[in-house]
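I opened the notebook to look up how helices pack and where the cysteines sit. The entries follow in the order I made them.

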Amino acid sequence: MHHFALVDGVMHAEGVPLPALAEAVGTPFYCYSAATLARHAQVFRAALAHLSPPPLLAYAVKANPNLAVIRTLAGEGYGADVVSEGEMRRALAAGVPPERIIFSGVGKTAGELEAALCAGIYQINVESEEELHALSAIAAGLGLAAPVALRVNPDVDAGTHAKIATGGSEAKFGIPAERIPALYAEAARLPGLVPHGLAVHIGSQLGDLAPMEAAFSRLGALIAEIRRAGLAVTRADLGGGLGIPYDPALPEPPSPEAYGAMVARVTAGWDVRLAFEPGRLLVGNAGILVSRVIRVKRGLRRIFVVLDAAMNDLIRPTLYGVFHDIRAVVPRPGALRATFVGPVCETGDQFAEDRETTPLEPGDLVALMTAGAYGATMASTYNSRPLVPEVLVRGREWALVRERQTVDDMLRQEHLPPWLEEGG
Ligand code: LLP
């Protein structure tokens, strides 16, 4: 459910017509709906409302790190799951209290661990024995106690795209389950560490609850084993990963309610405070990428609609071969089968192949749907294309929440060495 819909034949973001936004900020641009963000935040919270104590809901900032997006979700009571000092600083800058921040990631640097400790965040999810030792030394050196959860690699196949599956035994993520009890005991002995519990995240865009259930069950068994050794386990972090609908032709992924019911069933009797790290579910269909048709090009066998957005603005179709719905902002009557491409000089710069839509002409606007997660944040400046702006809409109001980068911005950060300077 989202708030991008036709009103009198013109697609609106909530109460704002997209052509007016395109006029004001130029194209391409990302557009987010505050009402959709809030709704998803509330639906996910409601699906977990029966858990006791109330879980920590930590929005996975990587999905969309825009300050205004984080702030909107913080306003719904969400914390943040971060994977870099940059994300942590964004979360703090957006007003997320440190006691609602979890720091995940396989390659936290000494500087990042120190920053996390000094900020006083809720939990550091440790992903290896080596990281545990480094964290112990840093925390002890600072005279601080690091709140730790060990991230378990449960060795389950998440059944999602290989590039975003993280729970297999050969993945770089987490600590093999069989090593967890001994390492947890070691964490309890090491200086500067307070082990609170375990964490797991097996992948993203999951369309089936079974692999998650298998991973959570494994976590439950480990919690029991650690407790049998006389150690306290008070927290369990179940990660993110619930899928969202992208392609209207495919069956819908499990609902938050079904997920919540599964979690309640599997974690009954664990006696811990749970944490969740949803990303895509909260922001995915709260965002679209609006682009203008530059040209409609008749190839030998197919029609190419050349957009002013490209793979550098939204890389998901190129990188994962995934589906994003493409809709005309002001649909014309009739039908068109076309291949949607961008101006970048790569064949892979393609959003959709032989896609059925309404007729399009140069100058028309289109919306690439479900682009709120892993869209703007994965953009690059390839082909020296400036990063596009982001707009947040709320009712009839809208605000530019990230400016369009300019070529001058890019050039300002580059410097010629003295030997290449004129007269050098
Ligand atoms: N927690 C951890 C430890 C994660 O690694 C991730 C995502 C999440 C939570 C949030 O997962 P979500 O609820 O959003 O599925 N760029 C890819 C997705 C990469 C996901 C990486 N980790 C894409 O565009 O599909």
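Is the crossing of helix 7 and helix 8 left-handed or right-handed? I found that the crossing is right-handed (the near helix is turned clockwise from the far one by less than a right angle; anticlockwise would be left-handed).

I noted that this is a predicted model, in which local features need pLDDT of at least 70, side-chain atom pairs count only at pLDDT 80 or more, and totals for chains, interfaces and linings use all residues. Residues are numbered from 1 along each chain as its sequence is written, and side-chain values use heavy atoms, with hydrogens and water left out.

I looked up the geometry of helix 7 (residues 180–189) and helix 8 (residues 209–228): the angle is about 50° and the axes are 10 Å apart. The two are therefore oblique to each other (not under 35 degrees, not over 145 and not 65 to 115). Ile180, Pro181 and Tyr184 of helix 7 make the contact (heavy atoms within 4.5 Å) with Leu222, Glu225 and Ile226 of helix 8.

Next I took helix 5 (residues 110–119) and helix 6 (residues 129–142), which pack at about 50° with axes 10 Å apart. That makes helix 5 oblique to helix 6. The contact includes Leu113 and Cys118 of helix 5 and Leu135 and Ile138 of helix 6.

Last, I checked cysteines. Cys118 is exposed, at 52% relative accessible area, whereas Cys31 is buried at 0% (buried is under 20%, exposed over 50%, with a 1.4 Å probe and protein chains only). I found zero disulfides (pairs of cysteine sulfur atoms within 2.5 Å).

Terms used
Axes fitted to C-alpha atoms, helices over the stretch in contact; angles between N-to-C directions. Helix = DSSP H or I, 4+ residues; strand = E, 2+ residues; numbered from the N terminus.
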